[in-house]
Amino acid sequence: MKFVRVCQNRTCKKQGSVKVLAAFKANLVPEVTVTGSSCLGKCGKGPIVLILPEMVWYSKVHPSEVNQVVEQHLLGGKRVEQMLYHRFDS
Ligand code: FES
């Protein structure tokens, strides 16, 4: 079982996280639970997505990229390297 948390707090919402959550909900896969979340503590790099239990963070997620996370990570078990959260990104 995996969990996808999509931050729905103020800063991420301004950056489009409502659509990101909707995109995950439109692409539901078995054994994966998708929920909105309160602030995940990485504001400004949003929309922030956290995959549990692996604790993999994605930042600046665009709705059009959700499909890739679903296919490659949730179904394929392989992180989408170029979308991973990096603390010191510009
Ligand atoms: S508002 Fe999304 S991480 Fe803080």
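# Close-up views of a predicted model

**View 1. Strand β4 provides a bridge partner for valine 49.** In β4, valine 49 has tyrosine 58 as its bridge partner. The model shown in this and the following views is predicted. A second pairing in this region involves leucine 50, whose bridge partner in β4 is tryptophan 57. Strands β3 and β4 run antiparallel and are joined by 3 bridges. The two strands form a hairpin with 3 residues between them. In the turn of this hairpin, methionine 55 has a positive phi of about 60°.

**View 2. The strands are arranged as an open sheet.** The sheet contains 4 strands in the order β2-β1-β3-β4, and its pairing is mixed. Strands β2 and β4 (56-58) are the edge strands, each pairing on one side only. From one strand to the next, the twist averages 20°.

**View 3. Strand β1 pairs with both β2 and β3**. With β2 (residues 32-37), strand β1 (residues 2-7) pairs in the parallel sense over 6 bridges. Within this pairing, cysteine 7 stands opposite serine 37 in β2. The pairing of β1 with β3 (residues 49-52) is antiparallel and extends over 4 bridges. Isoleucine 51 in β3 is the bridge partner of valine 4, and leucine 50 in β3 is the bridge partner of arginine 5. Leucine 50 thus appears in two of these views, with arginine 5 as a partner here and with tryptophan 57 in β4 as a partner in View 1.

**View 4. Strand β3 is covered on both faces**. On one side of the strand, Val49 and Ile51 are buried; on the other side, Leu50 and Leu52 are buried as well. Leucine 52 belongs to strand β3. Leaving aside its neighbours within four places in sequence, leucine 52 is in contact with Lys2, Phe3 and Arg5. For leucine 52 and phenylalanine 3, the separation is 49 residues in sequence but 4.9 Å in space, taken from C-alpha to C-alpha.

**View 5. A salt bridge links glutamate 54 and lysine 2**. The structure holds 1 salt bridge. In this pair, the closest N and O atoms are 3.1 Å apart. Glutamate 54 lies in the loop between β3 and β4, whereas lysine 2 lies in strand β1, so the pair ties together parts that are 52 residues apart in sequence. Glutamate 54 counts as partly exposed, because its relative accessibility is 31%. Lysine 2 is also among the residues in contact with leucine 52, described in View 4.

**View 6. Helix α2 lies across three strands of the sheet**. The helix, formed by residues 17-26, lies across β1, β2 and β3. Relative to β1, helix α2 runs at about 155°.

**View 7. Helices α2 and α3 meet at an oblique angle**. Two packed helices are described by the angle between their axes and by the distance between those axes. The axes of α2 and α3 (residues 66-75) come within 9 Å and cross at roughly 45°. The two helices are therefore oblique to each other. The crossing in which α2 passes α3 is right-handed. On the α2 side, Val20, Ala23 and Phe24 take part in the meeting of the helices; on the α3 side, Val66, Val69, Val70 and Leu74 take part.

Technical notes:
Residues are numbered from 1 along each chain as its sequence is written. This is a predicted model: local features need pLDDT of at least 70, side-chain atom pairs count only at pLDDT 80 or more; totals for chains, interfaces and linings use all residues. Side-chain values use heavy atoms; hydrogens and water are left out. Two strands pair if DSSP finds at least two bridges between them. Axes are lines fitted to C-alpha atoms, for helices over the stretch in contact, and angles run from 0 to 180 degrees between N-to-C directions. Contact means heavy atoms within 4.5 Å. A salt bridge is a side-chain nitrogen of Lys or Arg within 4 Å of a carboxyl oxygen of Asp or Glu. Buried means under 20% relative accessible area, exposed over 50%, partly exposed in between (1.4 Å probe, protein chains only). Angles under 35 degrees count as roughly parallel, over 145 as roughly antiparallel, 65 to 115 as roughly perpendicular and the rest as oblique. A crossing is left-handed if the near helix is turned anticlockwise from the far one by less than a right angle, and right-handed if clockwise.
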